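Work through the exercises below with the sequence and the model open. Try each task before you read its solution.

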Amino acid sequence: MTDRLYYTDCYLQEFTAHVVETSADGLRVYLDRSAFYPASGGQPFDTGTLDGARVVDVVDEAGRVAHVLDQPVASKDVVGRIDWARRFDHMQQHTGQHLLSAVLEELFQIPTLSFHMGAEVCTIDIGVPSIETLRLEQAEDRCSEIVREARPVRIGSENAAEVEGLRKSTERTGTLRVVSIEGIDRSACGGTHVRSTAEIGPILIRGSEKIRGNVRLEFVCGNRALRQARADFRTVQDVSRLLSVPADRAPAVLAAQLDRAKALEKSAQKLAVELAQREGRELWSATEPEASGLRRYVHRGAMDDAIRVRAQAFVSQGKAVFVAVSPETAAFLLAASEDSGIHAGNRIKVAVTASGGRGGGNATLAQGSLPDGSNVEAVMALLLQG
């Protein structure tokens, strides 16, 4: 068993310990006591050093704490140092989560189902199918009020059989570690926490999404919230500067410009289709008919929507076949006029399946492809028959 020092002092940054066991390569170390928190309960593990060796992972192994190092340690008695910036960030996020979850219960009787702390943001899944923006803002305001009040956050041990008033019931037995925020929350929790709500700092709900019949809230606390607010401000300032308008007018101006861009794109697409149709008709006129009167044109190169439109316009003039191939992608297109005597769908299906490809379409337009470009010319020969 490892004596977990963070249980009694979340602010402990340095400690001494004795190595009781190591793995064969010396990179997995077990101590008699440790302040390093292993990943658990939605909270990531601590990092830091053991006698200068970097701690890259901390794992809870059925009562023991395994410290995964980047190099072995030589001594049996070591000094551990916690990466305090990372630890305190986790403390802010975790206590902030307790407060946010308690406030959602207090204001709206909405339970928290799960919690996850990421490197940039945190999430909780809450037991409602949807939640209005106004309620989220009310929850933020209430959290801010409790943060300002600097309410004590206390950690104690209680008998699971006698414990009362927990926000979320627990099936654990024996001694429970209970984290309390004065006047609003009592939760069974093994994580690290700040001493006062004032140390949580601001709590910002960044967004929400529906997931499996519930709602997932994304939020940040403390220094993360400050960094995110700064980043948001810089983004708004950049957009304002690009649009040459005050920040408060940027959304309206941007919306108007997006509408205009969509209209221009629609107009450009229409013109592109008209151009491709004209090119297809001109191509038909410039193509000499064969003895049978059939005009046949072959396009080699990249295929896009314009090629498809051009091919349809070409064969719409009658007695015509348009074959397109992209050697790089082994893709084919075949367009045939109704009076050409060729069924485009049947022809391309036979041609590509003979070389292990797939394809099909209707009588006048079909497409197909090969898994590779090794038989492109064989397919083309079949498409150009007759």
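**Exercise 1. Is Trp 84 buried, partly exposed or exposed, and which ring does Trp 84 pair with?**

Step 1. Trp 84 has a relative accessible area of 24%. Buried means under 20%, exposed over 50%, and partly exposed in between, with a 1.4 Å probe and protein chains only. Trp 84 is therefore partly exposed.

Step 2. This is a predicted model: local features need pLDDT of at least 70, side-chain atom pairs count only at pLDDT 80 or more, and totals for chains, interfaces and linings use all residues. Residues are numbered from 1 along each chain as its sequence is written, and side-chain values use heavy atoms, with hydrogens and water left out.

Step 3. The whole structure holds 8 aromatic pairs. Rings of Phe, Tyr and Trp (its six-membered ring) pair if their centres lie within 6.5 Å; planes under 30 degrees apart count as stacked, over 60 as edge-to-face and the rest as tilted. One of the pairs joins Trp 84 to Tyr 11, with 5.8 Å between centres and 40° between planes, and is tilted.

Step 4. Tyr 11 sits in the loop between strand S1 (3-4) and strand S2 (14-22), and Trp 84 in helix H1, so the pair ties together parts 73 residues apart in sequence. Helices (H or I, at least four residues) and strands (E, at least two) are DSSP runs, numbered from the N terminus. Tyr 11 is buried, at 16% relative accessibility.

**Exercise 2. Classify the pair of Phe 314 and Phe 322.**

Step 1. The ring centres of Phe 314 and Phe 322 are 5.7 Å apart.

Step 2. Their planes meet at 70°, so the pair is edge-to-face.

Step 3. Both Phe 314 and Phe 322 are buried.

**Exercise 3. Which charged ends lie over the rings of Tyr 30 and Phe 45?**

Step 1. Apply the criterion: NZ of Lys or CZ of Arg is within 6 Å of the ring centre and within 35 degrees of the ring normal.

Step 2. Over the face of Tyr 30 lies Arg 64, 3.9 Å from the ring centre.

Step 3. Over the ring of Phe 45 sits the charged end of Arg 86, 5.0 Å from the centre.

**Exercise 4. Describe the largest pocket: what is its volume, and what lines it?**

Step 1. Define the search. On a 1 Å grid over the protein atoms alone, a pocket is an open set of points with protein on both sides within 12 Å along at least five of seven lines; lining residues have an atom within 4 Å of a point. A volume is the space filled by probe spheres set on the points.

Step 2. The largest pocket encloses about 1100 Å³. It is lined by 40 residues, and the closest to its centre are Arg 172, Ala 188, Cys 189, Gly 190 and Gly 191.

Step 3. Helix H1 (84-108) and strands S9 (112-117), S11 (153-159), S12 (175-181) and S13 (185-188) each give at least two residues to the lining.

Step 4. Split the lining by class: 14 nonpolar, 18 polar and 8 charged. Here Ala, Val, Leu, Ile, Met, Phe, Trp, Tyr, Cys and Pro count as nonpolar, Asp, Glu, Lys and Arg as charged, and the others, Gly among them, as polar.

**Exercise 5. Which atoms do the side chains of Gln 92 and Ser 337 contact?**

Step 1. A polar contact is a pair of N or O atoms within 3.5 Å; within protein, one must be able to donate a hydrogen and the other to accept it, and residues adjacent in sequence count only if both atoms are side-chain atoms.

Step 2. Gln 92 lies in helix H1 and is buried at 4%. A polar atom of its side chain is 3.0 Å from the backbone oxygen of Glu 199.

Step 3. Ser 337 is in the loop between strand S18 (331-336) and helix H6 (344-353). Ser 337 is buried, also at 4%. A polar atom of its side chain lies 3.1 Å from the backbone nitrogen of Lys 319. Its side chain also contacts the side chain of Asp 339, at 2.7 Å.

**Exercise 6. What is the sign of phi at Gln 109 and Lys 319?**

Step 1. Most residues other than glycine have a negative phi.

Step 2. Gln 109 has a positive phi of about 55°. Gln 109 is in the loop between H1 and S9 and is exposed at 58%.

Step 3. Lys 319 has a positive phi near 50°. Lys 319 is in the loop between H5 and strand S17 (320-326) and is partly exposed at 31%.

Key: On a 1 Å grid over the protein atoms alone, a cavity is a set of points where a 1.4 Å probe fits but cannot get out, and a pocket is an open set with protein on both sides within 12 Å along at least five of seven lines; lining residues have an atom within 4 Å of a point.
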